[in-house]
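These are notes for a colleague who has not looked at this structure before. They are set out as numbered points, to be read with the model in view.

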Amino acid sequence: MAEVTRARVDAWTWAVRLFPTRSAAGAACRAGHVRVNGERAKPATMVVPGDEVHVRGGERERLVVVQRTVVKRVGAAVAVGCYLDRSPAPVPKEHRAVAGERDRGTGRPTKRDRRLIEKLRGR
C-alpha cells in the first residue's frame, strides 16, 4: 500500500473503492459530482487527511472524511480504514416510490396517464 501525504481526488476515490475505475472517478469530478470541503473538485484537486469528500451519483450519496491518503488501489478491508463514512443511511426498499411500473401490454402512457402520474408525484 502506497501511503502519501497528499493525493489527487480522482486517484484517491478510485483507490478506496468509491468508483470502479479511475476514469469513472475523473469523469465524475469533471461532471461536478465530487466536492472536497464543499467546493467543486477537479480531478487534480489534492486531498489530505481531514478533508471531507462528498460524492453524488449511483444509488446513493457518499459523504466521507479522509483518514489516510493512498494512490494505489487497495483491498476492501484496507479501503474502509482510509476514510470515515458519514453518509446518510440508504432509504429502505419498502419506503422507495415505485416508478414506471405498468401492466404488461398496456403500451406507452397517454397524456391523461402522464398528468395523473405527475399529480401523484406532486408536480
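1. Is Asn-37 buried, partly exposed or exposed? The model is a predicted one, and in it Asn-37 has a relative accessibility of 44%. Buried would require under 20% and exposed over 50%, so Asn-37 counts as partly exposed. The residue lies in the loop between strand 3 and strand 4. Its phi is positive, about 55 degrees, although Asn-37 is not a glycine.

2. A second residue invites a similar remark. Arg-17, which is not a glycine either, has a positive phi near 70 degrees. Most residues other than glycine have a negative phi. Arg-17 sits in the loop between helix 1 and helix 2, and with a relative accessibility of 40% it counts as partly exposed.

3. On the overall make-up: the protein has four helices and nine strands. Their order along the sequence is β-β-α-α-β-β-β-β-β-β-α-β-α. The radius of gyration is 19 Å, well over the 14 Å that the globule rule gives for 123 residues, so the protein is more spread out than a compact globule. The C-alpha trace spans about 60 × 25 × 25 Å along its principal axes.

4. On burial and surface: 28% of the 123 residues count as buried. The accessible surface is about 8,700 Å², and carbon and sulfur atoms account for 51% of that area. Where contacts link residues at least 6 apart in sequence, 46% of them join residues at least 24 apart.

5. How are the strands of the open sheet ordered? Five strands take part, in the order 4-3-6-7-9, with antiparallel pairing. Strand 4 (39-40) and strand 9 (83-85) are the edges; each has a single partner strand, so one side of each is left without a neighbour in the sheet. Strands of a sheet pair through backbone hydrogen bonds.

6. Strand 6 deserves a closer look. Strand 3 and strand 6 run antiparallel and are joined by three bridges. Within this pairing, Val-34 has Val-55 as its bridge partner, and Arg-35 has His-54. Strand 6 also pairs with strand 7, again in the antiparallel sense, over four bridges; here the bridge partner of Glu-52 is Val-65. Six residues separate the strands in the hairpin of strand 6 and strand 7, where Gly-57 takes a positive phi near 115 degrees.

7. Which side chains of strand 6 are buried? Val-53 and Val-55 point to one face and are buried, whereas Glu-52 and His-54 point to the other face and are not. The side chains thus alternate along the strand. Leaving aside neighbours within four places in sequence, Val-53 is in contact with residues that include Val-9, Trp-12 and Thr-13. Its contacts also include Val-34, Val-36 and Val-47, as well as Leu-63, Val-64 and Val-66.

8. The largest nonpolar core has 24 residues. The members that touch the most others are Val-9, Trp-12, Val-16, Val-34, Val-47 and Val-53. At least two core residues come from each of helix 1 (9-15), helix 2 (22-30), strand 3 (34-36), strand 6 (52-55) and strand 7 (62-66). Helix 1 gives the largest share, four residues.

9. How many disulfides does a search of the whole structure find? The search finds zero. Cys-29 is in no disulfide, and the nearest cysteine sulfur, that of Cys-82, is 17 Å away. A disulfide would need the two sulfur atoms within 2.5 Å. Cys-82 is likewise in no disulfide. Both residues count as buried: Cys-29 has a relative accessibility of 2%, and Cys-82 has 0%.

10. Last, Arg-6. This residue is in the loop between strand 1 (3-4) and strand 2 (7-8). Its relative accessible area is 49%, and it is classed as partly exposed. Not counting residues up to four places away in sequence, Arg-6 touches Met-46, Val-47, Val-48 and Thr-69. From Arg-6 to Asp-85 there are 79 residues in sequence and 19 Å in space, C-alpha to C-alpha.

Methods
Residues are numbered from 1 along each chain as its sequence is written. This is a predicted model: local features need pLDDT of at least 70, side-chain atom pairs count only at pLDDT 80 or more; totals for chains, interfaces and linings use all residues. Side-chain values use heavy atoms; hydrogens and water are left out. A nonpolar core is a set of buried Ala, Val, Leu, Ile, Met, Phe, Trp, Tyr and Cys residues joined through side-chain atoms within 4.5 Å. Buried means under 20% relative accessible area, exposed over 50%, partly exposed in between (1.4 Å probe, protein chains only). Contact means heavy atoms within 4.5 Å. Two strands pair if DSSP finds at least two bridges between them. The radius of gyration is taken over C-alpha atoms; the globule rule is 2.2 Å times the number of residues to the power 0.38. Accessible areas come from the Shrake-Rupley method with a 1.4 Å probe; for residues, only the protein chains shown count as cover.
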